[in-house]
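Let's look at a structure together and ask how its labels are earned. Take a moment with the picture, then follow the questions below.

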Amino acid sequence: MSQPTDTSPPKTAPTGSTGLDFQPQRNGLGVELSTPIQDIGADAVPELRERVWRHRFVLLSGQDFTDEEYVAFGHRLGTVRPYFQEHYHHPDHPEIFVSSNVPQNGQKVGVAGTGRMWHTDYSFFDDPLSMTMVCPRILPASARGTHYVDMVRVLAELPDHLREPLEGKRCFHDATNYYKVQPKDIDRAIIELVEEFRAEAPGAWHPAFIEHPVTGDKSLYVSSGFTTKVEGMRHEEGEAFLKELFAFVEQERFIVTQEWRIGDIFLWDNRPYIHHATTVPKGEQSCSYRISFNDGLPFYAGHTGAVGLAS
Ligand code: 7UC
Ligand code: FE
């Protein structure tokens, strides 16, 4: 297999023609931009999207914005896809996926404890979400963060005994185990909930190794949250293999944590990363808003299920 020559994103970020000033982040995760999102108009969006593809992660820092402005920014960036399960939606903005344990006006809003497993958004659909943007709205008393693993680096370092069985193979992605039980599920059998979930989200096969449509970087596209099978492996063999694969992927040395601050928006490319939310300690309040979208490109080279840009 051809190894990428340089697996690390570019370290410097010269100012582009639109005047956006990107600076490398101290934690090594992509670049930071402090331009207000309200000022990042349609003319600057192509450069921002290019930066997300090249640096994989953009921190939009020091922001102050309304929910409406956040949604409008999402629509400028790509084809926004509201989450397929409505109980995750913000009551006024279906585009916003609410991860929250804080009631609003006495009502439960969104879903608590989302994303607490290694995963990439929508990998269990044929057409995954190319980019995700998250902003904290209420910070828990203890610091919160999101963990990332760069799967381009993981693939470059993958030992032969874990790489060779995956060459030319696809893996199956399924989110059934992470279905969040709702009030309407009381008195219903788990098998019924599973069947109902699978009718909407039956799971998807994707290549184990994907090639980025812009950079050509190759990454390992699996996660312990959603990847359940390897093409051609019998059940027990697949389970044992995946267990060893995930132990390699989830090593401390690959994990980078992005701490949360109010006013920060995290925008990343779902192709090269898996991510994992941190657990909120009992009794602490947390609320974050996510908008996910497609960027008009195939998810990977050779992928046919692309969602185009709105205009
Ligand atoms: O509640 C959750 O953690 C949601 C997860 C099953 N899916 C997020 C996504 O976009 O794939
Ligand atoms: Fe996620």
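Q: Where does R56 lie?
A: R56 sits in the loop between helix 1 and strand 3. Keep in mind as we go that this is a predicted model.

Q: What makes R56 buried rather than exposed?
A: A residue is called buried if 20 or more other C-beta atoms lie within 10 Å of its own. R56 has 24 other C-beta atoms within 10 Å, so R56 is buried.

Q: What is the phi of R56, a residue other than glycine?
A: Its phi is near 75 degrees, a positive value. You will find R56 just after helix 1.

Q: How do you know whether N105 is buried or exposed?
A: The label exposed goes to a residue with 12 or fewer other C-beta atoms within 10 Å. N105 has 6, so N105 is exposed. Like R56, N105 has a positive phi, here near 50 degrees. N105 belongs to the loop between strand 5 (97-100) and strand 6.

Q: Which residues of helix 1 are buried, and what do they pack against?
A: In helix 1 (residues 45-55), the buried residues are L48, R49, R51, V52, W53 and H55. They pack against strand 2 (31-33), strand 3, helix 2 (67-77), strand 6 and strand 14.

Q: Why is strand 14 called mostly covered?
A: Strand 14 covers residues 265-269, and 5 of its 5 residues are buried, so the description fits. I265, L267 and D269 point one way, while F266 and W268 point the other way. That fits a general pattern: in a regular strand the side chains alternate between the two faces of the sheet.

Q: How do you know that strand 14 pairs with strand 3 and with strand 6?
A: Two strands pair if there are at least two bridges between them. Strand 3 (residues 57-60) is joined to strand 14 by 4 bridges, so the two pair, and they run antiparallel. One of the bridges links L59 to F266. Strand 6 (residues 131-138) also has 4 bridges to strand 14, so this is a pair as well, again antiparallel. Here M131 stands opposite D269.

Q: Which residues have the most contacts inside the largest nonpolar core?
A: They are V58, M151, L220 and L267, in a core of 61 residues. Take L267 as an example: not counting residues up to four places away in sequence, L267 touches V52, V58, L60, M131 and M133.

Q: What makes strand 13 and strand 15 the edges of their sheet?
A: Their open sheet has 3 strands in the order 13-7-15, with antiparallel pairing. Strand 13 (255-259) and strand 15 (273-277) each have a single partner strand, so one side of each is left without a neighbour in the sheet. From one strand to the next, the twist averages 25 degrees.

Q: How many bridges join strand 7 to strand 15?
A: There are 5 bridges between strand 7 (residues 145-150) and strand 15. At least two are needed, so these strands pair. Among the bridge partners are D150 and Y273.

Q: Which residues are around ligand 1, and how do they divide?
A: V111, T114, G115, H119, D121, Y122, A175, Y178 and K180 are around ligand 1. This shell divides into 4 nonpolar, 3 polar and 2 charged residues.

How values were computed
Residues are numbered from 1 along each chain as its sequence is written. Chains are lettered from A and ligands numbered from 1 in the order in which they are written. This is a predicted model: local features need pLDDT of at least 70, side-chain atom pairs count only at pLDDT 80 or more; totals for chains, interfaces and linings use all residues. Axes are lines fitted to C-alpha atoms, for helices over the stretch in contact, and angles run from 0 to 180 degrees between N-to-C directions. A residue is near a molecule or strand if its C-beta atom, placed from the backbone, lies within 6 Å of it. Ala, Val, Leu, Ile, Met, Phe, Trp, Tyr, Cys and Pro count as nonpolar, Asp, Glu, Lys and Arg as charged, and the others, Gly among them, as polar. A nonpolar core is a set of buried Ala, Val, Leu, Ile, Met, Phe, Trp, Tyr and Cys residues joined through C-beta atoms within 7 Å. Two residues are in contact if their C-beta atoms, placed from the backbone, lie within 7 Å.
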